[in-house]
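Me: I want to know what lies behind the labels used for this model. Take me through the reasoning, one label at a time.

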Amino acid sequence: MKQESPTEPSNADVETAYDDYVMPIWKSLNVPVERASNCTLEDFEGTEYLDLFSGISVANLGHNDEAVVEAATEQLETFVHGCSYVHPNQPVAELAERLAELTPGDLQKSFFCNSGTEAVEGAIKLARKYTGNQEVVALEMGFHGRTLGSLALTGNHAYKHGMGSTINDVVHAPAPDKYRSPHRELDDAAFAAAAAADLEHTIGTHTSGEIAAVVVEPVMGEGGIIVPPADYLERVAEIARDYGGVLIADEVQTGYGRTGEFWAVDHVDVEPDILTQAKGIANGLPLGAFTASAEIADAFESGDHLSTFGGNPVSCAAALATIDRLEDDVIANARDQGEWLAEHLGALADEYDVVGDVRGRGLMWGLEIVAPDERGPGPADVPAPAPKLAAAIAEYLREEERIVAGVGGYHKNVVRLQPPLSISREQLERALEGIRAAIEAEQGR
């Protein structure tokens, strides 16, 4: 532990300043950060934590990756800003070309912005302009951002309370959450068909039948790490196009190697019409994007959309370095470590009845924490969510094991594990031991 000098800020100093001067929307994990490196966070008093959350799937390469820092620094010393939609520059041009190569199908042209919610809103604007239709279909329990447009797509009242009305012409279909679905006894193919039928029923009963887009997360992050079966996304794409719309794959949280492939849709036979990105795109520097085919992208005309800081050259230089590192060996590590983690988390579910379900891909995993002796919501044989226990497990991890994990899901009962993709087997073993200790310490209280 380092010794605190009178002039150095403490954890309490920083949090007090937040209370006094930052709008009261921040949600503390009680881990103020002074510095970070790879999978380790360090607070202002020298306490180190193993980071299993990556700033919610942002530091995919680990914190302060040397290649990314070097690329950003070099661009900082060249020029910082000229508005990339007024002054063409090499980092934006190169990144756009790289994304045309990396994205699935015939996606070719990108718009760069600053965040995931901006990417989603821009994608909706483009879908409306291209199709000439207005209505958008999203999923219950989905999360697409907090600005008013993307908030309308987000399928959780907890984010919307006191914020109505958002944009009109949005409807929500049931999420493909097999654990709590009335279709849970079906095999994957039959479940996918039933869930897709629910979506088509929503279009038939709640829309004019002429939609602009269906927006889906290939793995639902905030919804509780819900992984739809492969056939579901294929059918959703067909339904969207049958009703005159496009499929928007929201890869803000799942992209850039998070699921063990560059894009989560790479696991299935689906080519989206528009793909949104952010979070891991520049390994911590602010950047977002949405990419579409040339035909769809060219529906935009000059002035239809713009961003003063979007495509900032420094962030784009960092993104190019991020892609290089991901393709080098980091995604392969995510795939290998994810397979190991899947096996051992499954063993936890077998061992502890408070772990109702374990689901995920790559290094994106959720443990649904339940009250085994209570029932609902959902089928009669599914235990009730246990949000207080999930929060207690995360708190024990943080306070006793010095491990940072997230808690989410519609019922706030899913412990979320989304570590840097550079995490080592030794660090994952430590994480697993910590989770086991936390469950054993808290389940009987």
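Me: What makes strand 10 mostly covered?
Reply: This is a predicted model. A residue is buried when its relative accessible area is under 20%. In strand 10 (residues 288-293), six of six residues are buried. Therefore strand 10 counts as mostly covered.

Me: How do you know that strand 4 and strand 10 pair?
Reply: Pairing takes at least two bridges. Strand 4 (residues 107-113) and strand 10 have six bridges, in the antiparallel sense. So they pair. Among the partners, Lys-109 bridges to Ala-292 of strand 10, and Ser-110 stands opposite Thr-291.

Me: What joins strand 9 to strand 10?
Reply: Four bridges join strand 9 (residues 274-277) to strand 10, and the two run antiparallel. The cut-off is at least two bridges, so this is a pair as well. Thr-276 of strand 9 faces Phe-290 in strand 10.

Me: Why do strand 4 and strand 6 stand at the edges?
Reply: The open sheet has seven strands in the order 4-10-9-8-7-5-6, with mixed pairing. Strand 4 and strand 6 (170-173) each have a single partner strand, so one side of each has no neighbour in the sheet. On average, neighbouring strands here are turned by 20° against each other, direction ignored.

Me: Which strands does helix 7 touch?
Reply: Helix 7 (residues 188-206) packs on this sheet and touches strand 5 (135-139), strand 6 and strand 7 (211-216). Its direction makes about 145° with that of strand 6.

Me: How do you know which strands are at the edges of the sheet of four?
Reply: That open sheet runs 1-2-3-14, again with mixed pairing. Strand 1 (35-37) and strand 14 (403-404) have a single partner strand each, so one side of each lacks a neighbour. Three bridges join strand 1 to strand 2 (residues 40-42), in antiparallel fashion. Ser-37 is set opposite Thr-40 of strand 2.

Me: Why are helix 10 and helix 12 called roughly parallel?
Reply: The axes of helix 10 (residues 313-351) and helix 12 (residues 425-442) cross at roughly 15° and come within 11 Å. Angles under 35 degrees count as roughly parallel. The helices therefore earn that label. Their crossing is right-handed.

Me: What residues make the contact, by class?
Reply: Helix 10 contributes residues including Trp-340, Leu-341 and His-344, and helix 12 residues including Arg-425, Leu-428 and Ile-435. The contact has seven nonpolar, two polar and five charged residues.

Note on methods: Residues numbered from 1 in each chain as written. Predicted model: local features only at pLDDT ≥ 70, side-chain atom pairs only at ≥ 80, totals over all residues. Heavy atoms only, no water. Axes fitted to C-alpha atoms, helices over the stretch in contact; angles between N-to-C directions. Parallel < 35°, antiparallel > 145°, perpendicular 65-115°, else oblique. Left-handed = near helix turned anticlockwise from the far one by under 90°. Contact = heavy atoms within 4.5 Å. Nonpolar A, V, L, I, M, F, W, Y, C, P; charged D, E, K, R; others polar. Buried < 20%, exposed > 50% of the residue type's maximum accessible area, 1.4 Å probe, protein only.
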